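Here are my notes on the model you sent, set out point by point. Please read them with the structure open.

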Amino acid sequence: MKPHKPRRPASRRPRPPAQPRIGLALAGGGPLGAIYEIGALSALAESLEGVDLNDLDIYVGVSAGGFIAAALANGLTPHQMSRAFIEGEKSRDRFEPAMLLRPALREYARRLASLPPLLLGAVWHYALGGASSMMSAFSRLGRAIPTGVFSGDEVDRYLAAAFSAPGRTNDFRRLMRKLYLVATDLDTGASVAFGSPGTEHVPISRAVQASAALPGLFPPVEIDGRYFVDGALRKTLHASVALEQGVDLMLCMNPLVPFDSTPSSREFAGTGEHGLEKLVEGGLPVVLAQTFRSLIHSRLGAGLERYKTAYPKTDILLFEPNRADADMFFTNLFSYSSRRRLCEHAYQKTRAELWARRHELAPVLARHGVALRTEVLRDRSLTLVKSLRRSRGLWRETASTAATRLLTHTLDDLQRWLIYTGSAA
């Protein structure tokens with residue numbers, strides 16, 4: 001595995017132009033999607049020799065994927081993200097899940113202030129039109145309903161502080177590598193890639209907030225007098241933003257896949273705790289989850305086929321959960337309480353998928369000077385989240401102290417460094 005060596009600042013590491021151009025596109029999926037991507041990217045970072053996930057040519061992030069893409073472009077490794085965002089290791093980068101649940105008080109106040117004139121207008125409209133206009137009158141009151149439950153401002157503040165550290169930047173123009181964060185213009189429905197010409201002045205942290213502003217949960221984000229919402233409304237990946245710039249290898253990651261609950265797949269379905277013979281037995285939440293994931297995945301599949309036709313000279317590799325993975329399906333998209341277990345789960349499952357696909361992936365990666373480190377994939381002792389232990393096939397919390405966890409991280413980094421230097425020699 002590649003060691004966690006001291007890095008030069010993200011804006012100070014030019015790379016020889018002769019190397020293949022590599023891009024990374026990360027889709028969204030709420031907190032669950034971000035957790036999956038951290039675990040999966042950690043597995044890729046360990047298993048791919050000849051590529052540095054913090055030194056790619058182009059990053060494209062959508063929604064929760066924008067959060068991860070911005071961190072990678074700023075020099076945070078997937079393992080560092082795991083420690084700060086997943087394990088909550090005490091540092092300036094520590095992420096507090098509670099910040100995602102703070103109410104949108106300013107939005108509530110603004111809508112509440114609009115209620116009296118709206119109510120007066122509705123009564124007047126009804127008085128003029130009679131009973132036939134009752135529904136029209138009440139529909140006017142819908143304007144007083146808040147556009148989001150939770151405030152996204154904390155995400156902006158957190159990332160602005162994190163990207164102010166030495167060697168990082170909150171300015172698209174100061175990054176050596178291209179970063180694009182895609183959001184949707186609420187008034188036109190058009191996709192906007194922040195980081196492209198004309199939008200580079202927008203702070204990276206604000207662009208992440210806009211890209212992840214899922215309607216109903218977070219209010220639209222105002223930027224330069226326009227309002228933006230989640231970038232996944234039009235496309236799942238937006239990998240074309242990078243493909244249009246002529247990358248040779250396009251790495252794509254999508255956390256959301258429909259669940260295959262058929263008997264032939266059930267042996268791979270994970271814990272079996274959910275006990276549903278048919279998904280319909282799970283009621284409306286399960287049916288809606290399957291429908292939403294199926295729509296997202298169908299759209300992604302169609303997009304990838306178009307990419308292969310439009311960009312035949314680019315190798316495109318997609319990484320996503322196994323469709324028989326019950327743990328990834330039955331966990332709420334916006335759950336953060338099981339983040340440690342799910343991150344380790346994503347890490348281990350991605351390692352298993354890489355091993356299963358090794359014969360398919362190896363020749364594609366080799367064309368770009370990248371190799372699969374099969375000795376790392378065979379090493380079953382490797383783990384990502386140190387506050388867990390394996391019990392009956394599941395990853396569970398341990399009672400380890402912070403000092404013990406830090407020591408374990410250090411020893412683990414040393415082990416991975418020895419593996420890396422041994423293979424490099």
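Is Asp-156 buried or exposed?

1. Asp-156 is buried, its relative accessible area being 17%. The cut-off for that class is under 20%. Please keep in mind throughout that this is a predicted model.

2. The setting of Asp-156 is helix H6, residues 153-162. Of the 10 residues in this helix, 7 are buried, so H6 is largely enclosed by the rest of the structure. Asp-156 is one of those buried residues, together with Asp-153, Glu-154, Val-155, Tyr-158, Leu-159 and Ala-162. The list thus includes acidic side chains such as Asp-153 and Glu-154.

3. Asp-156 has a charged partner: it forms a salt bridge with Arg-206, with 3.8 Å between the closest N and O atoms. Because Asp-156 sits in helix H6 and Arg-206 in helix H7, the pair ties together parts that are 50 residues apart in sequence. Arg-206 itself is partly exposed, at a relative accessible area of 22%. The pair also belongs to a network of salt bridges that links Arg-106, Asp-153, Asp-156 and Arg-206.

4. Gln-209 is also worth inspecting in this region. It is placed in helix H7, residues 204-211, and is buried, with a relative accessible area of 7%. Leaving out residues up to four places away in sequence, Gln-209 touches Gly-152, Asp-153, Asp-156 and Val-221. Two of the names in that contact list, Asp-153 and Asp-156, recur in the salt-bridge network.

5. Across the whole structure, a search finds 14 salt bridges. One of the other pairs is Arg-226 with Asp-185, whose side chains meet at 2.7 Å, N to O. Arg-226 lies in strand E7 and Asp-185 in strand E4 (residues 178-185), so this bridge ties together parts that are 41 residues apart in sequence. Asp-185 counts as buried at 6% relative accessibility, while Arg-226 counts as partly exposed at 34%.

6. A further pair is Asp-327 and Arg-341, with a salt bridge of 3.9 Å, N to O. It links distant parts of the chain, 14 residues apart: Asp-327 is in helix H11 (residues 326-330) and Arg-341 in helix H12 (residues 339-356). Asp-327 is buried, at 7% relative accessibility, and Arg-341 is partly exposed, with a relative accessible area of 24%. The cut-off for a salt bridge is 4 Å, so a pair at 3.9 Å is counted.

7. Two backbone angles should be checked. Ser-63 has a positive phi of about 55 degrees although it is not a glycine. Ser-63 is in the loop between strand E3 (58-62) and helix H2 (64-73), and it counts as buried at 7% relative accessibility. Asp-224, likewise not a glycine, has a positive phi of about 55 degrees. Asp-224 is in the loop between strand E6 (221-223) and strand E7 (226-230), and at 59% relative accessibility it counts as exposed.

8. Which residues does Arg-92 contact, apart from its neighbours within four places in sequence? They are Ala-161, Ser-164 and Ala-165. Arg-92 is found in the loop between helix H3 (78-86) and helix H4 (105-129) and is exposed, with a relative accessible area of 53%. Arg-92 and Ala-162 are 70 residues apart in sequence, yet their C-alpha atoms are 7.1 Å apart in space. Ala-162 is among the buried residues of H6.

Methods: Residues are numbered from 1 along each chain as its sequence is written. This is a predicted model: local features need pLDDT of at least 70, side-chain atom pairs count only at pLDDT 80 or more; totals for chains, interfaces and linings use all residues. Side-chain values use heavy atoms; hydrogens and water are left out. Helices (H or I, at least four residues) and strands (E, at least two) are DSSP runs, numbered from the N terminus. Buried means under 20% relative accessible area, exposed over 50%, partly exposed in between (1.4 Å probe, protein chains only). Contact means heavy atoms within 4.5 Å.
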